[in-house]
Amino acid sequence: MDVNGLRCWQVADATAFGLGAATGGEPVNLAWRAELRQLRLARQQTPPPLAENRDYAQAQAARPSPAADRGGSFAWWNATAGALLAGGFLPGSTPLALPPDVPAAATSPSDIAFGDDEILYVARDNAILMTDRRARFPDARVALSGFSPRRLCPASGGGVWALDCAAGTLARLEGVPLRDTGYTADDPLAFRPDEPNPAPPRLRLVRGARLPAGTQGVAIAASVGGRVAVLVWIDGQDAEIHTLDAFRLQRRFSLLGVRFPYGLAWLDEDRLAVLVSDGAGPAVNALVYDSDQVFADAGTAAALPDGDVYPLPGVWDGTFCNTLGEVPRYPVAGDRRDTPASLRALRAVSRATYARAGSVRLGPFDSGAAGTVWHRVQIEAALPEHAGLRVWAHADDTGATPPKPGAEGAPDWWPHLAGAAALPADADFADAPDAAWCDTPSEMAFNPGLLGCTPRAGRSGRFTVLLQRAGRRVRRLEGRWLYLTLELLGDSQATPEIAALRIYAARFSYRDRYLPALYHERLSGPDMDQAGAATPPDFLERFLSIFEAPLTELEGKVADSWLLTDPAATPEAALPWLASWIGVEPEDGAARAWLRQRLRAAPHTARLHGTLGGLLATLELATGGVVVEGGVLDPYQPAPRPGERALASTGDIDVDVLVLRGAGADGPPVVLAGGAVTRGEIVVVEGFRLRRTFATILGADLSDSDDPLTLGASVSGNSFVGDTLVLGATEQREVAALFAADMPQSSADSQAVAAFFAALAHTVLVLVRRSPRTRDIARLGALADAESPAHVQTRTAIASRPLIVGAASLVGVDTFLAPSPPVHAARIGHTHIGEGDRVMGSGRLDPRADGPAGAPPLAVADGPAALLQGTGFLLSSARSQAARGRTVARSIWTWLQ
């Protein structure tokens with residue numbers, strides 16, 4: 001609602017924009033850019049003219065996929081030699097031993113995959129063979145009764161997905177073999193689990209995931225984020241893409257005009273790359289599809305390729321490398337037909353191609369009163385030179401959904417234009433209103449808008465247009481329900497991008513509100529609906545609306561001026577001014593978002609100044625913490641005080657938070673979350689809490705529950721914070737027995753112990769584990785010193801690893817409270833015995849890569865920093881340098897957009 005009391009409806013997300021609301025089974029030609037929250041024309045090409053060869057595609061789909069590792073080496077199955085070969089590290093190839101198989105096995109593998117766990121998986125003889133390229137685990141063979149794995153793809157986090165093409169079923173292989181060396185003999189008097197391996201390899205069927213009858217699965221792919229897609233053939237029909245959603249294989253869309261694709265890979269989390277044939281060979285380009293595009297009818301949806309062109313120069317026969325990654329790689333043909341020469345990443349080399357037009361219907365918007373006069377539409381959009389937008393409006397009191405503009409039986413729809421491309425040389429649009437560009441991002445006071453880009457006159461920002469009926473005597477648009485149809489227009493190289501629409505009703509008319517009845521409209525009923533020039537009163541109303549718009553915005557700014565004092569709403573430019581009110585100095589080079597959070601938290605952190613909670617709050621804010629109002633604190637624990645850690649729930653999400661204000665009469669709880677403190681990357685230890693630990697080392701008797709060193713507890717105190725748990729018996733306390741409470745002590749000894757314990761009361765240790773948010777240790781130390789009282793000594797230290805309950809529980813349960821750290825290969829000068837590093841292989845497919853790797857060359861590209869479009873330019877790699885003892889033989893250029 002604005003300052004005049006007009007109701008407002010906002011459309012600003014994919015659901016509200018109504019994607020998929022059309023009928024007829026055709027794509028709406030629109031796409032939602034989730035990362036920018038904008039609607040635009042879909043990127044698509046025309047159906048590719050391909051002479052597909054089913055026999056060639058069938059042969060490629062049946063052969064094992066090549067695999068690649070992170071270091072650039074790769075492996076493939078050589079059918080002629082009947083062997084698995086590897087290359088990429090040195091010229092030529094070398095045989096790669098397959099994992100042990102059943103003795104009678106003589107068949108070729110059906111597929112090969114290399115996981116992000118650096119284990120090679122081979123589908124062969126109705127089982128999956130595993131071999132660890134780092135030699136951490138013994139080889140293994142895993143099978144599932146009734147399941148024949150034919151196609152594999154690596155799964156994010158380890159293991160593989162397996163597809164039984166004949167049965168159309170899906171299974172997941174997880175777990176690793178247990179190393180069978182280094183164990184002592186079993187003690188018959190001790191309890192042992194039946195299965196000593198906590199995560200043995202298991203192949204489990206996804207019971208709800210089955211392809212429909214009459215389809216044939218030919219390829220499977222998984223993304224880094226865990227999404228799974230299956231490429232499906234159907235006799236006599238276009239191929240289809242199915243994705244794993246809610247443990248079921250759901251049809252996503254068919255590939256329009258493509259029947260026999262044979263390769264599949266995720267290009268990122270929302271695009272799929274497909275290999276197709278063109279004659280008796282691979283096509284020159286890969287086809288890329290948007291996996292999340294919305295269709296009118298999912299059961300008959302057919303997709304066109306993405307607007308970018310992805311060439312395959314020198315592609316070798318076969319599919320994409322069966323390796324997890326954000327960018328697919330494919331082998332490049334060499335001198336020999338059965339041997340690839342190298343790998344190449346799939347990259348786009350041209351500008352995007354968009355659909356030329358797309359439309360979607362919005363509404364109805366219900367005003368709640370018959371005869372409502374609809375006022376104005378505000379549009380936040382970017383409209384390039386050759387793109388435009390038409391907003392078709394229709395209002396009535398019936399509530400019946402009207403057909404779209406131009407459809408048979410459609411009522412009158414009234415166009416409103418934005419952008420030069422929306423106004424063709426057509427008499428139907430000669431009198432249509434044209435939206436005006438505004439120099440403020442939003443009509444709402446001090447609102448930065450949703451577009452997210454710099455306003456540019458006539459091109460990007462906010463556009464406003466008065467809703468009206470062009471060509472009618474009285475142009476007011478009246479009716480209880482309003483329907484809008486958005487029509488986006490482009491030239492295949494440009495697209496409009498819409499962030500939000502806001503519709504206002506009922507009209508606030510200066511003419512009717514402030515002028516005498518002499519100036520009011522006299523026509524009504526059928527007379528006002530007649531075609532012709534606008535009446536003078538109608539013209540006057542619309543003319544005065546030109547002034548009403550900026551004056552209403554100005555009144556809104558005056559009425560909402562209090563927002564400038566609210567750190568959550570004030571513009572970024574006003575944050576330093578607001579901070580000066582309470583003596584908060586903006587840190588040099590710090591982001592304004594951090595200053596905003598500091599100001600939001602200031603009323604609460606001021607009460608915590610000089611306390612442990614205040615120090616934690618400062619560190620939390622300095623490392624990305626944000627202020628959250630609302631939610632529910634853990635009801636099963638005592639109510640936390642300000643400055644204490646707690647568990648909070650917001651909807652279905654539970655997070656660790658730092659409490660600034662508990663729930664009570666003052667309002668909902670206010671907490672900090674998302675920073676390094678609540679994520680466990682920073683731990684603050686007060687010195688006086690270490691008295692008990694040091695007393696144990698000094699030999700003090702902890703059996704006395706009244707002793708102040710025990711803090712009211714009488715259990716063993718021989719525990720150190722960190723990865724190491726040290727437990728000791730009382731009779732083993734031999735360290736510094738001189739200081740034991742029951743031993744004679746000199747006066748100097750007693751004074752030394754007393755002084756030692758007294759010093760602990762005035763020290764604070766800040767343990768920081770290095771991460772992207774805590775890389776600036778010196779800055780965090782300075783903030784800790786500034787927040788601590790003058791009599792407290794603060795020391796900031798780097799923790800080598802996160803604080804955990806135990807790396808391995810005594811009862812066989814993993815109690816690690818964070819993602820387990822990766823296992824690294826042992827390194828001379830870095831690895832300490834017992835710290836987790838292992839002596840193992842390099843994890844490369846090419847075994848010749850084991851050992852020290854040579855230094856990579858230094859690539860230097862010289863060229864102009866900027867130039868006019870269409871102007872030629874020269875790129876040079878002359879300054880590139882090779883490693884010592886080597887020379888640069890050639891330069892490979894890749895277009896990265």
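**Accessibility, salt bridges and strand pairing**

Biologist: At 30% relative accessibility, what does E644 count as?

Modeller: The model is a predicted one. Buried requires a relative accessible area under 20% and exposed one over 50%, with partly exposed in between. The value for E644 is 30%, so this residue counts as partly exposed.

Biologist: With which side chain does E644 meet in a salt bridge?

Modeller: The partner of E644 must offer a side-chain nitrogen of Lys or Arg within 4 Å of a carboxyl oxygen. A nitrogen-to-oxygen distance of 3.2 Å satisfies this criterion for one arginine, which has a relative accessible area of 58% and is exposed. That residue is R641.

Biologist: How many residues apart in the chain are D306 and R43?

Modeller: The closest N and O atoms of D306 and R43 are 3.4 Å apart, and the two residues form a salt bridge. D306 lies in the loop between β23 (302-303) and β24 (310-311), whereas R43 lies in the loop between β3 (38-41) and α1 (54-62). The pair therefore links distant parts of the chain, and D306 is buried at 5%. The separation of D306 and R43 is 263 residues.

Biologist: Is R172, which forms a salt bridge with E174, buried or exposed?

Modeller: The closest N and O atoms of R172 and E174 are 3.7 Å apart. E174 counts as partly exposed at 36% relative accessibility. The relative accessible area of R172 is 17%, and the cut-off for burial is under 20%, so R172 is buried.

Biologist: How many salt bridges does the structure hold?

Modeller: Some salt-bridge residues form a network, in which R476, R507, R511, D512 and E541 are linked. For the structure, the number of salt bridges is 35.

Biologist: Which strands are the edge strands of the open sheet of four strands with the order β4-β5-β6-β7?

Modeller: The pairing in this sheet is antiparallel. β4 and β5 (residues 74-78) pair over two bridges, and within β5 the bridge partner of A68 is F74. An edge strand pairs on one side only, which holds for β4 (67-68) and β7 (93-95).

Biologist: What percentage of contacts between residues at least 6 apart in sequence join residues at least 24 apart?

Modeller: The secondary structure comes to nine helices and 42 strands, and buried residues make up 44% of the 897 residues. The protein exposes about 46000 Å², of which carbon and sulfur atoms supply 55%. Among contacts between residues at least 6 apart in sequence, the portion joining residues at least 24 apart is 64%.

Note on methods. Residues are numbered from 1 along each chain as its sequence is written. This is a predicted model: local features need pLDDT of at least 70, side-chain atom pairs count only at pLDDT 80 or more; totals for chains, interfaces and linings use all residues. Side-chain values use heavy atoms; hydrogens and water are left out. Buried means under 20% relative accessible area, exposed over 50%, partly exposed in between (1.4 Å probe, protein chains only). Contact means heavy atoms within 4.5 Å. Accessible areas come from the Shrake-Rupley method with a 1.4 Å probe; for residues, only the protein chains shown count as cover. Two strands pair if DSSP finds at least two bridges between them.
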